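Please look at the sequence and the structure together, and keep both in view while reading the paragraphs that follow.

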Amino acid sequence: MKYEVSRKAYVKVLLHAAKYPANAVNGVLLGRLDQASGGNSAVQVVDAVPLFHSLLGLTPMLEVALIQISEHYEGAGEGPLRIVGYYHANERATDASLGGAALAIG
């Protein structure tokens, strides 16, 4: 499977992390599954929705946010989008571990 990330989604993720350099940040990636002929499919990531920049483990808030995002983007004007990914960045650039919320989602 191939992944294609739009410039808009990529920049939103980077700006979210840059705006809060001392905090962990997370969000979701929105897109579509492109079923190409020949069995080669691709996930097109077209947008990102920043979620939190502190206290990433707030499960009730995360659940509500995911439901609202799903419902809002199902009827989007340029075709329905769905949650196709999750992003997470730690407070420290050298820390590559995932927190509890990221592990629970993944």
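A good place to begin is a single contact: the side chain of asparagine 26 reaches the backbone nitrogen of phenylalanine 52 at 3.0 Å. A polar contact is a pair of N or O atoms within 3.5 Å, where within protein one must be able to donate a hydrogen and the other to accept it, and where residues adjacent in sequence count only if both atoms are side-chain atoms. Asparagine 26 belongs to strand S2, which covers residues 25–35, and this asparagine counts as buried because its relative accessibility is 0%. Buried means under 20% relative accessible area, exposed means over 50%, and partly exposed lies in between, as judged with a 1.4 Å probe and protein chains only.

The model is predicted, so local features need pLDDT of at least 70 and side-chain atom pairs count only at pLDDT 80 or more, while totals for chains, interfaces and linings use all residues. Residues are numbered from 1 along each chain as its sequence is written, and side-chain values use heavy atoms, with hydrogens and water left out. The predictor's confidence in each residue, called pLDDT, runs from 0 to 100; the protein chain averages 86, and 92% of the residues score at least 70. Confidence is highest in helix H1 (residues 7–19), at a mean of 96, and lowest in helix H3 (residues 100–105), at 74.

Stepping back to the whole protein chain, one finds three helices and four strands, which follow the order β-α-β-β-α-β-α from the N terminus on. These elements are DSSP runs, numbered from the N terminus, with helices (H or I) of at least four residues and strands (E) of at least two. The C-alpha trace spans about 45 × 30 × 25 Å along its principal axes, and 29% of the 106 residues count as buried. Among contacts with a separation of 6 or more, 65% join residues 24 or more positions apart, where contact means heavy atoms within 4.5 Å.

Two further residues show how distance in sequence and distance in space can be read side by side. Alanine 17 lies in helix H1 and counts as partly exposed because its relative accessibility is 29%; its C-alpha atom is separated by 9.0 Å from that of glutamate 91, 74 residues apart along the chain. Serine 70, in helix H2 (residues 59–74), counts as partly exposed because its relative accessibility is 29%, and it is 59 residues from valine 11 in sequence and 21 Å from it in space, C-alpha to C-alpha.
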